Structure formats: C-alpha cells, structure tokens
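Colleague: I should be grateful for a close look at one helix in this model and at the parts of the fold that surround it. Please set out what was computed and keep the account connected.

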Amino acid sequence: MGVFGCVASSSFAAVAELMTTPNSLPTVLDVGERFCPTPGVTSAGMGPATAVVADIIAGITPFDDLEQRHMATTLDWLGSTDDIFRRAKPATPSPHLVAYVVLIDPRERGVYLGQHLKAGLHLPMGGHVEPGEHPLAAARREAAEELGIEALFDLVGDAPLFLTRTTTVGQTAGHIDVSLWFVARGERAREYPLDPDEFAGGLWWDLDPYGLPATDPHLPRFIRKLDSVLTPQAMP
C-alpha cells in the first residue's frame, strides 16, 4: 500500500493489463485503494493532469466486462496523448472527458434526468471537463451551474462510480465522450430548475433500469452497479 492508500504501479500499461485479467482484480482493486501514477509515467509519458485522470480511472472497480474494456481502452488512450479535454466546440478532440453528476434519492428510489436539448435524450446533469480541471471539480461546477446546488457526494464517495465510452447522438453526433459518473444526493420531493439553454425541464424517474425514458445507453448499467454498492447507511 502506497501513500494516501494507493497502490504503486510500474506503468499504466500494467494497470490496463491487470484490468483485462479478471483473476487479478480482487487482489489489486481492493476497496479504498487507488493506483499511484509513478514519477516515470507522469514525467515521461503523461502530463500531470492526464496522470491524475488515469489514477482516478484506475481506482474504479469495474462492474462488468464492458466497463472493464472501457477502462482498459481509456487508460491506453491516456497513455498515448495529453489532448484529452475538449478545447474547441463542438467536439474537438474526440474522444474527450465528460463528468456526469447523477442526482439520486436512495430512500425514494429516484434518479433525476433532464431533457437535453442537443442530445434529444433524458440525461443526468454534467458536461465537459475543462482543460486541466480535476474531474471532481468539474462535477461540482456542473452541479452548481445546471442544478443550482452544492453537490453532496456522500452516497458512494466523491470518486466516480462508473466509466463509459459513448458515441454521441443528436446535434453533435459522432464524437466519443469518455464519461466519469459521479453520484450526488438529491431529494425526490424537490424540483431542480435546470439551465434552460441546455434542458427542456427535468423529471424524477424510478431508479429502475427497465423503466427509463430514452437516455444514455449505459444508464441502466449504472443503476445496476449503484444498487450493488449502496448501503443502508446511505439511506438515512
């Protein structure tokens, strides 16, 4: 165990290999552990901001084979470039990083989705991670901008629960979003006024992977993963 509860790794290529070897996962990805970017990888292979993102992603425990593949592909991408943040509208470069803020009421079994104008889908709040921005800072910023709240990440912690790679649809279709899914606490009895430039309103939906509107194709998997890690302590 390394500094700050992280596990040192000789390279992120090694991390990617571990993630594609299921028998290695229980040993390496223990709860609370994170991989540390090594000095050699950070200085020679990655810029500091990219290394931070790679460390965050390596700390996610994959839910299924698809997430495992997305994580390995993403770590390989991060090892090949520092051009990972959107720097020109609508979608340059592709792929680029996105932070989702999924508003959840665990007691009332609800997920809050907004009708996104450009995508034409009912989506969690979120947006692009700005160049050099920490993904958690991006999630906090998006929650303030789109929901008007100071997000409370106390359901599963302030690290992202889930990672996906998705080809977008709608007005900016065709590029790839690499999305980090953060879980924020919400209240189903409350309405959240969304940014009218981005959303045509929002609604609470049952936290049911089979009862969702047209949405991100990975949201049902996210809900199943969330259900697998929520504890009674998260539902006061």
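Modeller: The model is a predicted one, and the helix I propose to follow is H5. Helix H5 comprises 14 residues, and from its first C-alpha to its last it reaches 20 Å, close to the 20 Å expected at 1.5 Å a residue. Its buried residues are Glu67, Gln68, His70, Met71, Ala72, Thr74, Leu75, Trp77 and Leu78; buried here denotes under 20% relative accessible area.

One of these, His70, leads to a strand. The C-alpha atoms of His70 and Arg165 are separated by 6.2 Å, although the two residues stand 95 apart along the chain. Arg165 belongs to strand S7. Beyond its neighbours within four places in sequence, Arg165 is in contact with His70, Thr73 and Thr74, and also with Pro95, Ile176, Asp177, Val178 and His218.

A second helix, H7, also meets H5. In H7, which spans residues 219–229, Leu219, Pro220, Arg221, Phe222, Ile223, Lys225 and Leu226 are buried. The buried residues of H7 pack against helix H5 (65–78), as well as against the strands S3, S4 (110–116), S7 and S8.

Helix H5 takes part in the nonpolar interior too. In soluble globular proteins, nonpolar side chains tend to be buried together. The largest nonpolar core here has 36 residues, and those touching the most other members are Ile57, Leu78, Leu97, Leu103, Tyr112, Leu147 and Phe153. Two or more residues of this core come from each of helix H4 (48–58), H5, S3, H6, S8 and strand S9 (199–206). The most, five residues, are given by H6. Another core lies apart from this one; it has 20 residues, including Tyr100, Ile104, Leu155 and Val183.

Strand S7, which holds Arg165, brings us finally to the largest pocket. That pocket holds about 810 Å³ of space. Its lining consists of 35 residues, with His116, Gly127, His128, Asp177 and Glu198 nearest the centre. Strands S3 (96–105), S6 (125–128), S7 (162–167) and S8 (176–185), together with helix H6 (135–147), are the elements that give two or more residues to the lining. Helix H6 gives the most, with four residues. By residue class, the lining divides into 11 nonpolar, 11 polar and 13 charged. Asp177 ties the two regions together: this residue is among those nearest the centre of the largest pocket, and Asp177 is also in contact with Arg165, whose C-alpha is 6.2 Å from that of His70.

Notes: Residues are numbered from 1 along each chain as its sequence is written. This is a predicted model: local features need pLDDT of at least 70, side-chain atom pairs count only at pLDDT 80 or more; totals for chains, interfaces and linings use all residues. Side-chain values use heavy atoms; hydrogens and water are left out. On a 1 Å grid over the protein atoms alone, a cavity is a set of points where a 1.4 Å probe fits but cannot get out, and a pocket is an open set with protein on both sides within 12 Å along at least five of seven lines; lining residues have an atom within 4 Å of a point. Grid points are joined across faces, edges and corners, and a volume is the space filled by probe spheres set on the points. Ala, Val, Leu, Ile, Met, Phe, Trp, Tyr, Cys and Pro count as nonpolar, Asp, Glu, Lys and Arg as charged, and the others, Gly among them, as polar. Buried means under 20% relative accessible area, exposed over 50%, partly exposed in between (1.4 Å probe, protein chains only). Contact means heavy atoms within 4.5 Å. A nonpolar core is a set of buried Ala, Val, Leu, Ile, Met, Phe, Trp, Tyr and Cys residues joined through side-chain atoms within 4.5 Å. The expected span of a helix is 1.5 Å times one less than its number of residues.
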